[in-house]
Amino acid sequence: MTFTSTSTQGSAAITSYVWASNGTPICGNSSTCTAPFGTPSNTITLTVTDSNSNTSTATGQVNITHPTGPTAHSA
């Protein structure tokens, strides 16, 4: 799954992006993040820091469901 930050800088340039899933870092310092998910419920956070050390954090929820396929029956 890929996430893209829509953060815009204010009076200071954005210096870091920290992505996490359920509190665990998942991507490097980038405005985009691509990561696989092994758990069905994932809280995604993005913390952005600017050159004045001001931070902003956004949080979202990703729930993954796996559809079940057809069931084989013997005759």
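This is a short dialogue on reading a predicted model of one protein chain.

Visitor: Where do I start? How many helices and strands does the protein chain have?

Guide: Happy to help! The protein chain has 0 helices and 6 strands. Read from the N terminus on, the elements run β-β-β-β-β-β.

Visitor: Which cysteines form a disulfide here?

Guide: First the general idea: a disulfide is a covalent bond between the sulfur atoms of two cysteines. In this model the pair is C27 and C33, with sulfur atoms 1.9 Å apart. The count for the structure is 1 disulfide.

Visitor: What is the handedness of the link between C27 and C33?

Guide: It is right-handed, with 70° about the S-S bond.

Visitor: Why does C33 count as buried?

Guide: Buried means under 20% relative accessible area. C33 has 0% relative accessibility, so C33 counts as buried. Across the protein chain, buried residues make up 24% of the 75 residues.

Visitor: Which residues make up the largest nonpolar core?

Guide: That core has 9 residues: F3, Y17, W19, C33, F37, I44, L46, V48 and V62. Two strands, β2 (14–21) and β5 (41–50), each supply at least two of its residues. β5 gives the most, with 3 residues.

Visitor: Let's pick one core member. What is F37 in contact with, leaving aside its neighbours within four places in sequence?

Guide: With those neighbours left aside, F37 is in contact with M1, F3, S21, N42, I44 and I64.

Visitor: And what about the outside? How much accessible surface does the protein chain have?

Guide: The accessible surface comes to about 5200 Å², and 52% of it belongs to carbon and sulfur atoms.

Terms used: Residues numbered from 1 in each chain as written. Predicted model: local features only at pLDDT ≥ 70, side-chain atom pairs only at ≥ 80, totals over all residues. Heavy atoms only, no water. Disulfide = S-S within 2.5 Å. Buried < 20%, exposed > 50% of the residue type's maximum accessible area, 1.4 Å probe, protein only. Core = buried A, V, L, I, M, F, W, Y, C linked by side-chain atoms within 4.5 Å. Helix = DSSP H or I, 4+ residues; strand = E, 2+ residues; numbered from the N terminus. Contact = heavy atoms within 4.5 Å. Areas by Shrake-Rupley, 256 points an atom, 1.4 Å probe, with all protein chains shown as cover.
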